[in-house]
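Welcome, and please open your viewer. We will move from stop to stop, and at each one you will hear what to select and what to look for there.

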Amino acid sequence: MDFNVKKLASDAGVFFTRAVQFTEEKLGQAEKTELDPHLENLITRADGTKNWTEKILRQTEVLLQPNPSARIEEFIYDKLDKKLPSRTTNAELLGQYMLDAAKEFGSETPYGRTLITVGEYEKRLGGAEREFLQTSATTFLTPLRNFLEGDWRTISKEKRLLENRRLDLDICKARLKKAKQAEAKAAAAPDFQETRPRNYVLSASASALLSEEVDKAEHELRVAQTEFDRQAEVTRLLLEGISSTHLNHLRCLQDFAEAQATYYAQCHHYMQDLQRELNRCANATGTHNASTAVCPNPVSSAFPSSAGPTATTSCTSSNQGPGTLTMEQTQLPVTGSRKARVLYDYDAHDTSELSLLADELITIYTIPGMDPDWLVGERGNEKGKVPVTYLELLS
């Protein structure tokens, strides 16, 4: 290893000189060069961006993964640049436990069948959660980490270099000030007491040395000023890039919000499907135990049972075509119709519902007494219930 003692001693001397200048500035015993107000504002804005990005990143990690041990594990795998093993979500684990319990209790029993139904939907919820976590990590967390570990480290390095250049500049200013004071003092108080030629030679030599010291200090000051101005420009250009960082984080935030909306819409859809499955199972059990079989109302929870004597129909209603409402429903008064755009695909679960395709336009309206989570949709000659969460109402 090439160990340069002279360079080490020089670096130590520079560090010590800067430390003395910094300490004297803090104590008010030395002058300090102030930065340009615009540059100061850029530095303040960049520091605020860094601090709030750290806070948002940490809290988002807590939101997505509340388990501290799991977060530490993810951090270690990330630092080791290794792929994190696939982790089962809590909903998937709960769903698997329900399926295992159904096997033990008997899948043909009412309790076993219900466990299987709920367990399957819990696993679907877990899958949606897994997809949401992966999307959020890719579109939101990773860009924030890249800024803190990449761009911000570069900015911090240039900021420290700018501070060192400023200290060097102030050191040169103080050195020049002292040299000029010494030169002025020597010029103001010449030694006229000694008349021997030797003393005149010494006096002229001292004056020349002082003048040379002043010239040297002025040259060092010019060099330090040039380096400081150059570093200030480099730092300013980097700090102005924070505006681009804000725009990038804005797009990432929008992607994160969209991923959340999609996740919660999926969860709402799964829970509605689960409620229909459970109601269907309950109706099937009640029909089996009843002495007279009556078909359940296919409108489910969208229409209350207090609608009158038309709340239940005879089994002959099964002759209606698919995708149409029952006669009793079409005879109810309707409100004003409007257009709506379909956000996601939707598969009808029974003849009272209307299947949807993403981005298609349909006509929708409501019927007094309907569940607020549902509307009646029309597409040509087809008509049926549609969930509100799958629609974007158009003016």
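Begin by selecting Lys339 and Thr363: Thr363, in S2, is the bridge partner of Lys339. Before going on, a word about what is on your screen: this is a predicted model, in which local features need pLDDT of at least 70 and side-chain atom pairs count only at pLDDT 80 or more, while totals for chains, interfaces and linings use all residues. Residues are numbered from 1 along each chain as its sequence is written, and side-chain values use heavy atoms, with hydrogens and water left out.

**Stop 1: the sheet**

Stay with that pair and widen the selection to strand S1 (residues 338-342) and S2, which pair in the antiparallel sense over four bridges. Here, strands are DSSP runs of E with at least two residues, helices are runs of H or I with at least four, and both are numbered from the N terminus. Two strands count as paired if DSSP finds at least two bridges between them. Strands of a sheet pair through backbone hydrogen bonds, either parallel or antiparallel.

Now bring in the other strands. What is the order of the five strands in this open sheet? It reads S4-S3-S2-S1-S5, with antiparallel pairing. Strand S4 (382-387) and strand S5 (391-393) are the edge strands, each pairing on one side only. Direction ignored, neighbouring strands of this sheet are turned by 40° against each other on average; the axes behind this angle are lines fitted to C-alpha atoms, for helices over the stretch in contact, and angles run from 0 to 180 degrees between N-to-C directions.

Walk across the sheet pair by pair:

- S1 and S5: three bridges join them in the antiparallel sense. Select Val342 to find Leu391 of S5 opposite.
- S2 and S3: strand S2 (residues 361-365) and strand S3 (residues 374-379) run antiparallel and are joined by three bridges. Ile364 has Gly377 in S3 as its bridge partner.
- S3 and S4: these strands run antiparallel, with six bridges between them. Arg379 stands opposite Glu382 in S4.

**Stop 2: two turns of the backbone**

Select Gly380, in the hairpin of S3 and S4, where two residues lie between the strands; Gly380 takes a positive phi near 65°. Next, go to the loop between S1 and S2 and pick out Asp359. Asp359 has a positive phi of about 75° although it is not a glycine. Is Asp359 buried or exposed? With 54% relative accessibility, Asp359 counts as exposed. In these terms, buried means under 20% relative accessible area, exposed means over 50%, and partly exposed lies in between (1.4 Å probe, protein chains only).

**Stop 3: the whole chain**

Zoom out and colour by secondary structure. The protein has eight helices and five strands, and from the N terminus on its elements run α-α-α-α-α-α-α-α-β-β-β-β-β. Of its 395 residues, 29% are buried.

**Stop 4: helix H5**

Select residues 110-188. This is helix H5, with 79 residues; from its first C-alpha to its last it reaches 111 Å, close to the 117 Å expected at 1.5 Å a residue. The expected span is 1.5 Å times one less than the number of residues. Where is the kink in H5 centred? Look at Ala137, where the kink is about 40°; the bend at a residue is the angle between axes fitted to the seven residues ending there and the seven starting there.

While you are in helix H5, click on Thr114, which is partly exposed at 30% relative accessibility. Thr114 and Ala282 are 168 residues apart in sequence, yet their C-alpha atoms are 9.7 Å apart in space.

For a similar pair, move to Gln225 in helix H6. Gln225 is partly exposed, with a relative accessible area of 28%. Its C-alpha is separated by 9.3 Å from that of Asp170, 55 residues away along the chain.

**Stop 5: the core and the cysteines**

Show Leu35, Leu39, Phe132, Phe140, Leu162 and Leu239 as sticks: of the 43 residues in the largest nonpolar core, these touch the most other members. A nonpolar core is a set of buried Ala, Val, Leu, Ile, Met, Phe, Trp, Tyr and Cys residues joined through side-chain atoms within 4.5 Å. Helix H2 (37-64), helix H4 (90-105), H5, helix H6 (197-240) and helix H7 (242-289) each give two or more residues to this core. The largest share, 18 residues, comes from H5.

Finally, select Cys172, buried at 10% relative accessible area, and Cys252, buried at 6%. How many disulfides does a search of the whole structure find? Zero, a disulfide being a pair of cysteine sulfur atoms within 2.5 Å.
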